[in-house]
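Student: Please take me through one part of this structure in detail. I am new to it and would like a close look at the surface that faces the DNA.

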There are 2 protein chains.
Amino acid sequence: MYSDERVEAFRRRLASQGQRVTPQRLAIYKYLIEAETHPSAEEIHRALQPIYPSMSPATVYKTLELLVEMGLATELAFGDSPNRYDGNPHEHVNLVCTECGSIVDLEESLLEELRERVVRASRFLVRSQRHEFHGVCPRCQNAKGA
Amino acid sequence: MYSDERVEAFRRRLASQGQRVTPQRLAIYKYLIEAETHPSAEEIHRALQPIYPSMSPATVYKTLELLVEMGLATELAFGDSPNRYDGNPHEHVNLVCTECGSIVDLEESLLEELRERVVRASRFLVRSQRHEFHGVCPRCQNAKGA
DNA sequence: TTGTATGCAAATTGTTTGCATACCC
DNA sequence: GGGTATGCAAACAATTTGCATACAA
């Protein structure tokens, strides 16, 4: 399974940086990359509850922060709802449905060209890029029409 | 002055929608579009303090929410710092400096093509789009090198 | 005059922090 | 064995809410 390789790589990076490989960290990362939901910290905590009943929310928050620092995840912030996390390692667009809250990814080759142009025009040292389209997903459009 | 026209348009839209034209609302919108800073609610509140000493933060928050609903502003959310607001009415890229917190706009014609492609590929009903590049601005790059 | 926006204060909520304990190395 | 990550509870900070008052229409 592809996600296992990525968890394995995470494990190695932790070890090589002298950080501890704990079951909580591995489980959180695994959940993040296997979930299609762009989960919130709370969702991750709830989902892992059956397996790690004593795991605290603080551990989830700290691990997610670590993953973001390591470049293995990105944080999607919204003004009025909890942060969501994205473990997709490829540049992509996030489509955020304002009706149901779902977020889906879309790969788009134009993002590379866009980045080049932005770097050239701004002289920014770009560390990450983030693209969101907000609107109504096809499913919710149908639901409304019904 | 260009911003006066926009304030005037805001006034008319409020009136036509049966909403009240208050000096606070006009001042908040004027400050937002004249500021180059992509201000937070707190910055706006602080800046208008001398003119409206009794204005409450709640009024600023409510007005900003109203502006976002009316499509006159967009909210830039960050996980770890207050929301910032953007009154730029054109599609653009936001360049966010992780060193000094500054945000600058960059117009980029590619965004239109990107939107078209996204709509075609996803069948999303797109209401707004948001593009952020995070990194280090030229000024902070120089400061570091010094 | 009527009702909506304001201002104030309290409440809310997601997230962070401090510290003792557990457990990875 | 040594020290870092965890778990718990308390603290925090931005934002929202409820309600009485002020003021735009």
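Tutor: What follows describes the protein surface near DNA strand D and its polar contacts. This is a predicted model, in which local features need pLDDT of at least 70 and side-chain atom pairs count only at pLDDT 80 or more, while totals for chains, interfaces and linings use all residues. Residues are numbered from 1 along each chain as its sequence is written, chains are lettered from A and ligands numbered from 1 in the order in which they are written, and side-chain values use heavy atoms, with hydrogens and water left out.

A residue is near the strand if one of its heavy atoms lies within 4 Å of it. There are 18 residues around DNA strand D, and A:Arg20, A:Thr22, A:Gln24, A:Thr59 and B:Tyr61 come nearest. By class, this surface has 6 nonpolar, 7 polar and 5 charged residues; Ala, Val, Leu, Ile, Met, Phe, Trp, Tyr, Cys and Pro count as nonpolar, Asp, Glu, Lys and Arg as charged, and the others, Gly among them, as polar. Helices H2 (23-34) and H4 (57-69) of chain A and helix H4 (57-69) of chain B each supply at least two residues of the surface; helices are DSSP runs (H or I, at least four residues) numbered from the N terminus.

On the DNA side, 68% of the strand D atoms within 4 Å of the protein belong to sugar or phosphate, and the rest to bases. Polar contacts here are pairs of N or O atoms within 3.5 Å. A polar side-chain atom of A:Gln24 lies 3.0 Å from a sugar or linking oxygen of DNA strand D. At A:Ser54, a polar backbone atom is 3.2 Å from a phosphate oxygen of the strand. A base oxygen of DNA strand D is 3.3 Å from a side-chain N or O atom of A:Lys62.

Note on methods. A polar contact is a pair of N or O atoms within 3.5 Å; within protein, one must be able to donate a hydrogen and the other to accept it, and residues adjacent in sequence count only if both atoms are side-chain atoms.
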